[in-house]
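Student: I am new to this structure. Please take one part of it, look at that part closely, and then connect it with its surroundings.

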2 protein chains.
Amino acid sequence: MAKAKKAAGTKTKEEPVILITNDDGITAPGIKALVESVKGLGKIVVVAPDKPQSGMGHAITIGYPLRLQQVSVFEGVEAWACSGTPVDCVKLAVDKILHRKPDICLSGVNHGANHSINVIYSGTMSAALEAAIESIPSIGFSLLDYSVEADFTGAQHYARLLVQQVLGKKIDKHLCLNVNIPLAPKELLKGLKVCRQAYAKYEEEFAERKDPHNKTYYWLTGEFVNFDKGKDTDVWALKNNYVSVVPVQFDLTYYKLKDKLEQSLITK
Amino acid sequence: MAKAKKAAGTKTKEEPVILITNDDGITAPGIKALVESVKGLGKIVVVAPDKPQSGMGHAITIGYPLRLQQVSVFEGVEAWACSGTPVDCVKLAVDKILHRKPDICLSGVNHGANHSINVIYSGTMSAALEAAIESIPSIGFSLLDYSVEADFTGAQHYARLLVQQVLGKKIDKHLCLNVNIPLAPKELLKGLKVCRQAYAKYEEEFAERKDPHNKTYYWLTGEFVNFDKGKDTDVWALKNNYVSVVPVQFDLTYYKLKDKLEQSLITK
């Protein structure tokens, strides 16, 4: 199987394979917009969750088996609905559908922001990062609009612009971009801006309810708080109508703290 | 609510609060071993999943409400079973059980390794990282033994040694340590070794099965492959009977690639 997974050789000029997934589910308007935006740039194959999987982070399915079903959702595009998480979709696509690594993996367009700390909770971005672990260049797209009737025109323009650039040259073995698009008409967008992830988090306040048996249950809610005043962050870029582009990595080592601990830790 | 969540003041010398969670579920032997190992170092409160949540990564529960149930599992220790993910447990513990930030959050001891790339799939480590986002010092522990009858003696020794050091001084605002313990008798362990995350991944091969209706389903399986020959990695340390300690961060920005992209990206 390992052999079959190798990226397409460069000798024969094959059409690039574009794998598309998301976390809102295969019927979400955002993924349709993404498929439309890259038509003509390669052979598109969609493998996406059969139901919403927002907030699934980098979850994989261990305790349950996974199902794949070929579906007809996008005109002229091969598409598969998967019962698992966004990360499962990428793994299954490579092993069981494409039987090779795609030339690029796209995720989204997510309905809602994935800037700053959201990258860590986001199924959209985890799918992209999973591809990067596999040395597949990847881009996750998110629009700052939760509405099912959101306008994806700007997102589509910048998605195509980015995909063309990434397909055109080898930028990095583990390229993974977290792209967020502001809620603004396309003509007001100022262009792509390369950023770092803002330091921000959610202040949780679980909403408490009682069920008909008078037992308590909780809904996760939270207020977004940005602690980062930097003008090089994704949050700043989005507020100023730039499309934010944060390169993301999967080496989570905190090197600065590593050096400090090496000096100070009692080891036995 | 924000006020109630502040860390305990330093004026009154209160007993430190130790929050303990895991991803194998509140009845797993590993969490019991962890609770035992830190007895006497502070007030312990356990908030852990009511069922196994391995591989949940940084998933949070959005589409369903969460339940909390006080349980009697550990002698003399307040304990709550939570219907959500490990990350949900940390969030709920702070907001609804402790009503303040604990002085430290411990996760584990996980039944099985969480070194190298496993950090990104691990519910154990995601719980710890969630605490670090909240400026709660945290440590995740994992033993390289999946067995329900695993020997946690070595893990317990090093857990206590580390917790004493972290409680004793303010090392870093967002301290999060990924600690793995080799499968070896305690007397053969060479001590703690500060490491970086090895570059490794899984080669997936989904196992294919047919259900009684002749429909196909898949089980995730994979072979671990380490590409990293460095002697400063967690994988190397564990092979050489060290307890690996990798400091982990939640800023996923790939800074090296950021600089490169700033020079080369066509932005409009």
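Tutor: Ser116(B) sits in the loop between strand 5 and helix 3 (123-133) of chain B; helices (H or I, at least four residues) and strands (E, at least two) are DSSP runs numbered from the N terminus. In this loop residue, phi is near 45°, a positive value in a residue that is not glycine. The model is predicted: local features need pLDDT of at least 70, side-chain atom pairs count only at pLDDT 80 or more, and totals for chains, interfaces and linings use all residues. Residues are numbered from 1 along each chain as its sequence is written, chains are lettered from A and ligands numbered from 1 in the order in which they are written, and side-chain values use heavy atoms, leaving out hydrogens and water.

Strand 5 of chain B, residues 104-111, contains Val109(B). A cis peptide bond links Gly108(B) to Val109(B), with omega about -10°. Chain A also has a cis peptide bond, between Gly108(A) and Val109(A), where omega is about -5°. There, Val109(A) belongs to strand 5 (residues 104-111) of chain A.

In chain A, helix 3 (residues 123-133) packs with helix 2 (residues 86-98): their axes come within 7 Å and cross at roughly 30°. Axes are lines fitted to C-alpha atoms, for helices over the stretch in contact, and angles run from 0 to 180 degrees between N-to-C directions. Helix 2 of chain A is therefore roughly parallel to helix 3 of chain A (angles under 35 degrees count as roughly parallel, over 145 as roughly antiparallel, 65 to 115 as roughly perpendicular and the rest as oblique). From helix 2 of chain A, Pro86(A), Val87(A), Val90(A) and Lys91(A) make the contact, meeting Gly123(A), Ser126(A), Ala127(A), Glu130(A) and Ala131(A) of helix 3 of chain A; contact means heavy atoms within 4.5 Å.

On a wider scale, UniProt, in an unreviewed entry, places the feature "domain: Survival protein SurE-like phosphatase/nucleotidase" at residues 18-203 of chain A; such annotations may be inferred rather than shown by experiment. Across residues 18-203, chain A is 26% helix and 25% strand, with its end C-alpha atoms 38 Å apart.

Finally, a turn of 180° and a shift of 0.0 Å along the axis lay chain B on chain A with an RMSD of 0.0 Å (superposed by least squares on C-alpha atoms of residues with pLDDT of at least 70 in both). This is the relation of a two-fold axis. The same surface serves both copies, as 99% of the contact residues of chain B recur in chain A.
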